[in-house]
Amino acid sequence: DVLTGKYGEDTKLIYDLKDQGGEILALRYDLTVPFARYLAMSKITNIKRYHIAKVYRRDNPSMTKGRYREFYQCDFDIAGQYDPMIPDAECIKIVVEALENLGLGSFVVKVNHRCLLDGMFAACGVPKDKFRTICSSVDKLDKSPWEEVRKEMVEEKQLDGAIADRIWEYVSKKGDMKLVEELRNDAELMKQAEAKQGLDAMELLLKYCDIFRVTDKVVFDLSLARGLDYYTGVIYEAVLT
């Protein structure tokens, strides 16, 4: 229950089953939660590693959308105590180098912060108990138009339409350090401690990205969200353009 509780609404995609003795088991959903479990059981405090292995989803396969029930994931992880944002910037640097060497074409790495998202939801008037489910809706903006996402928020998740419209005013924004400055001038947003914390982190991350010379590949995108509950800080995603 501790592990499945971290997957948010995606818990339904876990392939769960029972063995002959009735013990509840599951096929590996991703490589992140098992890695965290390994660290806790082995009492490892600092590690950098990569891992390539199969994972499984109880999903409706769609070849055109790249959704499969069995596929490979490649993870690289940094665990331990480090100066803020350096490991995150290092991960982005690795992503950029890997994609450039693979030669898949032009791409950008979208970045955002979960604390900033939570502060943004609070500033818009989203009830705290709806933060995660609304975050899951925002996460669909890369696949669905705003009209469909708004309909889900209002009709399925009972969010006030005016609040949904305020969310759109934020999640439609993207940019670079100039967006950080714009958000700092948003008085309502800056009343939220989590928003300020997330924005401070994003400013530091973008500075390190500049030092690592990957700024031209990075986009600060407020629509980037993750429905999984184990995301608590920086989130990023590379997309072909």
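Hi everyone. Two strands count as paired if DSSP finds at least two bridges between them. Keep that in mind as we start with the sheet, and please remember throughout that this is a predicted model.

So, strand 5 and strand 8. They pair in the antiparallel sense, over 7 bridges. Strand 5 also has strand 7 as a partner: 3 bridges join these two, and they run parallel. A nice residue to click on here is K110. Its bridge partner in strand 8 is E237, and in strand 7 K110 stands opposite V219.

Now let's step back to the whole sheet. It is an open sheet of 4 strands, in the order 6-7-5-8, and the pairing is mixed. Which are the edge strands? They are strand 6 and strand 8, residues 234-240, and each of them pairs on one side only. On the strand 6 side, 2 bridges lead to strand 7, and those two strands run antiparallel. One bridge to look at there is K174 with D221 in strand 7.

How many residues of strand 5, residues 107-113, are buried? The count is 7 of the 7, so the strand is largely enclosed by the rest of the structure. Both of its faces are covered: on one side you have F107, V109, V111 and H113, and on the other V108, K110 and N112. While you are at F107, look above its ring: the charged end of K217 sits over it, 4.6 Å from the centre. There is another arrangement of this kind at Y29, where the charged end of R57 sits over the ring at 3.8 Å from its centre.

Let's move on to the helices, and to helix 6 in particular. The buried residues here are G161, I163, A164, I167, Y170 and V171. Looking down the axis, you would find them within an arc of 165°, so they line one face of the helix. What do they pack against? The list is helix 3, helix 4, helix 5, helix 7, helix 8 and strand 7. At the N-terminal end, D160 acts as a cap, with a side-chain oxygen 2.8 Å from the backbone nitrogen of A162.

Helix 7, residues 177-184, can be read in the same way. Its buried residues are L179, V180 and L183. They cover an arc of only 105° around the axis, which puts them on the same side of the helix. Their packing partners include helix 3, helix 6 and helix 9, along with strand 6 and strand 7. This helix has an N-terminal cap too: D176 places a side-chain oxygen 3.0 Å from the backbone nitrogen of K178.

Next, aromatic rings. A pair of rings is described by the distance of the centres and the angle of the planes. The structure holds 2 such pairs. One is F121 with F131, a tilted pair at 6.0 Å centre to centre and 55° between the planes. F121 belongs to helix 3 and F131 to helix 4, so the pair ties together parts that are 10 residues apart in sequence. Both F121 and F131 are buried.

The other pair is W146 with W168, and this one is stacked, with 5.0 Å between centres and 20° between planes. Here the link is between distant parts of the chain: W146 is in helix 5 and W168 in helix 6, 22 residues apart. Are these two buried or partly exposed? W146 is buried, at a relative accessible area of 10%, whereas W168 is partly exposed, at 35%.

Before I finish, a few single residues. D77 is in strand 4, residues 70-79. This aspartate is buried, with a relative accessible area of 15%. Leaving aside residues up to four places away in sequence, D77 touches F35, I47, K48 and R49.

Then there are two residues with a positive phi that are not glycines. M85 has a phi of about 75° and is found in the loop between strand 4 and helix 2. R213 has a phi near 60° and is in the loop between helix 9 and strand 7. Their surroundings are worth a look: M85 is buried, with a relative accessible area of 11%, while R213 is exposed, at 74%.

That's my tour. Thanks for listening!

Notes:
Residues are numbered from 1 along each chain as its sequence is written. This is a predicted model: local features need pLDDT of at least 70, side-chain atom pairs count only at pLDDT 80 or more; totals for chains, interfaces and linings use all residues. Side-chain values use heavy atoms; hydrogens and water are left out. Rings of Phe, Tyr and Trp (its six-membered ring) pair if their centres lie within 6.5 Å; planes under 30 degrees apart count as stacked, over 60 as edge-to-face and the rest as tilted. Buried means under 20% relative accessible area, exposed over 50%, partly exposed in between (1.4 Å probe, protein chains only). A charge sits over a ring if NZ of Lys or CZ of Arg is within 6 Å of the ring centre and within 35 degrees of the ring normal. Contact means heavy atoms within 4.5 Å. The arc is that of the directions from the helix axis to the C-beta atoms. A polar contact is a pair of N or O atoms within 3.5 Å; within protein, one must be able to donate a hydrogen and the other to accept it, and residues adjacent in sequence count only if both atoms are side-chain atoms.
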